[in-house]
Amino acid sequence: MDKGSLKGMNATVRLRRLTEQDASKEYARWFEDKELRRWIARPTPTIAACRAYIAEQRKNPDVMLWGIFVQGHHVGNIKANLVLGYPYQKIPDQAVLGLMVGERGLRGMGIGPAAIRQAVRWCVRHWKVGLVAAGIHPFNTRSMRAFEKCNFKVAHLDPPRVWLHLEKR
């Protein structure tokens, strides 16, 4: 799938919790992309490794791993991790998001921000978090822009990451 296949169409971005059956050759191939390799610390996985990763994430009640789907095609992932707060320090429960648009030809088309907005709504509704955060490498400008388009603001630096926050109002 590429940008040309989306022109003139009202492409809807949908999130769906990944299952082991979503591990595919295309999904594993995303990790060969040089741009993504800069930001992802995992080695290039096989289909079996992708399947095992999805299964591991599904077992953890504090993790939600969604596939990002456009016109029925799996084009990326967004993951939320629940981090319990410290009420006595007035630190709320929070969700930490990580985003990956795997299909190179679809980056920069608004898919990331659409997925972020849906993930934020889910985290607030289901986990009742008071804060949603994202830790991003400062040179990952695509990811920074996607989160900033969703009203995330830079909260602090914790090298090698910049932390952006979106507080529940």
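Helices here are DSSP runs of H or I with at least four residues, numbered from the N terminus. On that basis, in this predicted model, A115 falls within helix α4, which covers residues 111–127. A relative accessibility of 0% places A115 in the buried class, because buried means under 20% relative accessible area. Its surroundings can be described residue by residue. Once neighbours within four places in sequence are set aside, the contacts of A115 are V13, L15, I68, I78 and L99. One of these partners, V13, lies 102 residues from A115 in sequence, yet the two C-alpha atoms are 6.7 Å apart in space.

Helix α4 also has a part in the charged surface. A positive patch is made up of R117, R121, R125, K128, R145 and K149, and α4 supplies the largest share of this patch, with three residues. R125, itself a residue of helix α4, has a relative accessible area of 52% and is therefore exposed, since the exposed class begins over 50%. The helix thus holds both A115, buried at 0%, and R125, exposed at 52%.

Attention now turns to the salt bridges, of which the structure holds four. In one of them, D22 pairs with R16, and the closest N and O atoms are separated by 2.8 Å. The acidic partner, D22, is buried with a relative accessible area of 12%, whereas R16 is partly exposed at 36%.

Another salt bridge brings together the side chains of E103 and R29, at an N to O distance of 3.7 Å. This pair connects distant parts of the chain, 74 residues apart: E103 sits in the loop between β4 (94–101) and α4, while R29 belongs to helix α1 (residues 25–30). With a relative accessible area of 13%, E103 is buried; R29, at 40%, counts as partly exposed.

R104 likewise takes part in a salt bridge, here with D33, and the closest N and O atoms are 3.0 Å apart. Distant parts of the chain are linked by this pair too, with R104 in the loop between β4 and α4 and D33 in the loop between α1 and α2 (34–37), 71 residues apart. R104 is partly exposed at 47% relative accessibility, and D33 is buried at 12%. Through salt bridges with shared partners, D33, R104 and R107 form one network.

Note on methods: Residues are numbered from 1 along each chain as its sequence is written. This is a predicted model: local features need pLDDT of at least 70, side-chain atom pairs count only at pLDDT 80 or more; totals for chains, interfaces and linings use all residues. Side-chain values use heavy atoms; hydrogens and water are left out. Helices (H or I, at least four residues) and strands (E, at least two) are DSSP runs, numbered from the N terminus. Buried means under 20% relative accessible area, exposed over 50%, partly exposed in between (1.4 Å probe, protein chains only). Contact means heavy atoms within 4.5 Å. Patches are made of residues with over 30% relative accessible area and no salt bridge: like charges are joined within 9 Å, nonpolar side chains (Val, Leu, Ile, Met, Phe, Trp, Tyr) within 5 Å. Accessible areas come from the Shrake-Rupley method with a 1.4 Å probe; for residues, only the protein chains shown count as cover. Lys and Arg count as positive and Asp and Glu as negative; His and the chain ends are not counted. The place of a charge is taken as NZ of Lys, CZ of Arg, CG of Asp or CD of Glu.
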